[in-house]
Amino acid sequence: MVNTQNEGGSGNHSWGCLRNLVRRKQVDSSNGKTETHHHQQLAKALTFPHLIAVGVGSTIGAGVYILVGTVAREHSGPALAFSFLIAGISAALSAFCYAELSSRFPSAGSAYHYSYICIGEGVAWLIGWALILEYTIGGATVARGISPNLAMIFGGEDCLPTILARHQIPGLDIVVDPCAAVLVFIVTGLLCLGVKESTFAQGIVTTANVFVMLFVIVVGSYLCFKTGWVGYELPTGYFPYGVDGMLTGSATVFFAYIGFDSVASMAEEVKNPQRDLPLGIGLSLLLCCLLYMMVSVVIVGLVPYYAMDPDTPISSAFASHGIQWAAYLITLGAVMALCSALMGSILPQPRILMAMARDGLLPSFFSNVNQRTQVPVNGTITTGFCASILAFFMDVSQLAGMVSVGTLVAFTMVAISVLIVRYVPPDEVPLPSSLQENSSSHVGTSSSSKQPLLCKADASIVDKEKAQGGWVLNKENRRKLAGWSIMFTCIGNFLLSYAASSFLLPGLLRYSLCGVGGLLLLVGLIVLSCIDQDDARHSFGHSGGFICPFVPLLPIVCILINVYLLVNLGAATWARVSVWLVIGVLVYIFYGRRNSSLVNAVYVSSAHVQEIRRTSGHSLA
């Protein structure tokens, strides 16, 4: 959509800054196929079971042990399982997009890496910066939630050892949590031992949590059959709050599915990424959805939705049937879930930091990989230290909404990247520095040699379409049309989501924005559905992996859902996030932009890169 060619020398300063924001890196520049001598690679140690452990462990937190009561009482009623199903389907749209891009570009960095390849450096930087905030605050929030649950196992808040119990600092409104900080340090040390060892430990903790949930499902089903499923025998029916209430509940429980993106961040450490990454992402999300739905069905069957305890719905439901001891087992499950989620929160961030440091946007300190354990130890220790400080001093519950911003923005950009890969994959890529010495002759003749090749291709397309009686659309015009359509689709998504959520706007203005947004969205969808996808998509990145179905419909619906949730996060959350993003912009201007690995990049067409590689190989031989 935007020409990222860095032609150097000409153009004013402002246009040069704009080109910096849209410059894109080469597909293979981070997976070790072009410049492996610039950085060490992570250990190829993970298989399909490890990814399931990471995905399920990062997704199922203690929220399910509380969320079912709140959502059932206030929004969904007996239709709670349908709310989880709809939220799971919505999350699956993003999972499909992640599955394709992770198998195409199997390198550390997740959404940051995909955005840098497909959209540009500016957007990639903001995504990476937002993910840093997400994982740090997410880890601190999870750690602060462990100590109250741990205290309940020992008999109450005052039963923890004094050195681990929460204390209020005299004269200050600060409650320190030593237990949370200690747990973060333990998890950080475990992650430094090696990715295989840490994922094995996470698998054990996740298995314990799943067994607790299976206990709830099996024993709860027995009690439901014994008592006649009293929670469903209500005069209000299955939808006491209507379909709107069920959909509102879906938007609330959607965030219970966040975590499968941690699997994508491990892409560089997977032995067979084209096969295992899509399976790991898809099956972990499917298992979480099934567990959520079965727990919801059972708990609503045990106790009417209006009688649920909003704080301890599952243990209270079992206690109402005379099984008080189940509260200890369920609390243990919550502790296991939180420990697994803590590992899932800290595990991806060092990979994000490492990927950004490899690209020159952060200091090289974060790109160092320990030779023995083959993990980014510097980034892991830094992440653990920051998360432990936050968990020790701050009650981060008010900042929890900031976690959702990073996740939803990443989901949105991943869906946009799928559209770009399919319709307008970058046709000009930066030449690796190791090949630039051999590129002068090819770069000098690229402008003269590229046009005849395009003319031949266009002629064949014209002949083919004339034979079919179709509408003639050459490659250049089709790419321009697809690029504008993607942009119109994104603008339409934002206008429609904003207008639908802004009840304080005047009626005429609100409906006008809805109409304009809906029209742009519909036009973009129709155009993208009618034109052909770019043939270069088959060779862009690694082939043979998962292919996202129903493009362009699926990514566009994914963008719409995520943008709608972003708009509804609230002004206070966006004000806090804006402060962090402004800091990120300053860091990029004064460090990242100047030290980027693409500062002196020479951009050539994709075909010429292969030709230069062959010439370089012959000359070395």
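1. In this predicted model, helix 16 (residues 401-423) and helix 21 (residues 571-595) pack against each other at an angle of about 70°, and their axes lie 9 Å apart. Since angles of 65 to 115 degrees count as roughly perpendicular, the two helices, helix 16 and helix 21, are therefore described as roughly perpendicular to each other. On the side of helix 16 the contact is made by Gly401, Met402 and Val405, while helix 21 contributes Thr573, Trp574, Arg576 and Val577. Sorted by class, this contact of helix 16 with helix 21 comprises four nonpolar, two polar and one charged residues.

2. Helix 16 appears again in the description of the second largest pocket, where it is among the elements that give two or more residues to the lining. The space in this second largest pocket comes to about 1,500 Å³, and its lining is made up of 49 residues, of which Ala62, Gly63, Thr141, Val142 and Leu338 lie nearest the centre. Besides helix 16, the elements that supply two or more lining residues are helix 2 (48-59), helix 3 (63-76), helix 6 (121-153), helix 10 (261-265), helix 12 (313-319) and helix 13 (326-346).

3. Which helix gives the most to the lining of the second largest pocket? That place belongs to helix 6, with ten residues. As for the chemical make-up of the lining of the second largest pocket, the classes divide into 24 nonpolar, 19 polar and six charged residues.

4. Enclosed space should be treated separately from the pocket: the structure holds one cavity of 30 Å³ or more, and the volume found in the largest cavity is about 30 Å³. The residues that line the largest cavity are Arg24, Lys25, Ile117, Pro426, Glu428, Val429, Pro430 and Phe540. With three residues, strand 3 (residues 428-431) gives the most to this lining. By class, the lining of the largest cavity contains five nonpolar and three charged residues, with no polar ones.

5. On aromatic contacts, the structure holds 26 aromatic pairs. One of them is formed by Tyr98 and Phe260, with an edge-to-face geometry in which the centres are 5.9 Å apart and the planes stand at 90°. This pair links distant parts of the chain, for Tyr98 belongs to helix 4 (residues 80-104), whereas Phe260 sits in the loop between helix 9 (242-253) and helix 10, 162 residues apart.

6. What does Leu495 touch, once its neighbours within four places in sequence are left aside? This residue, which is found in helix 18 (residues 475-501), is then in contact with Leu513, Val516, Gly517 and Leu520. For one of these partners the separation is also available: Leu495 and Val516 are 21 residues apart in sequence, and their C-alpha atoms are 7.5 Å apart in space.

7. Two backbone features deserve a look during any review of the loops. The peptide bond that runs from Val551 to Pro552 is cis, with omega near 15°, and Pro552 itself is placed in the loop between helix 19 (507-530) and helix 20 (553-567). The other feature concerns Ser110, which has a positive phi of about 55° although it is not a glycine; Ser110 is found in the loop between helix 4 and helix 5 (111-118).

Conventions. Residues are numbered from 1 along each chain as its sequence is written. This is a predicted model: local features need pLDDT of at least 70, side-chain atom pairs count only at pLDDT 80 or more; totals for chains, interfaces and linings use all residues. Side-chain values use heavy atoms; hydrogens and water are left out. On a 1 Å grid over the protein atoms alone, a cavity is a set of points where a 1.4 Å probe fits but cannot get out, and a pocket is an open set with protein on both sides within 12 Å along at least five of seven lines; lining residues have an atom within 4 Å of a point. Grid points are joined across faces, edges and corners, and a volume is the space filled by probe spheres set on the points. Helices (H or I, at least four residues) and strands (E, at least two) are DSSP runs, numbered from the N terminus. Ala, Val, Leu, Ile, Met, Phe, Trp, Tyr, Cys and Pro count as nonpolar, Asp, Glu, Lys and Arg as charged, and the others, Gly among them, as polar. Axes are lines fitted to C-alpha atoms, for helices over the stretch in contact, and angles run from 0 to 180 degrees between N-to-C directions. Angles under 35 degrees count as roughly parallel, over 145 as roughly antiparallel, 65 to 115 as roughly perpendicular and the rest as oblique. Contact means heavy atoms within 4.5 Å. Rings of Phe, Tyr and Trp (its six-membered ring) pair if their centres lie within 6.5 Å; planes under 30 degrees apart count as stacked, over 60 as edge-to-face and the rest as tilted.
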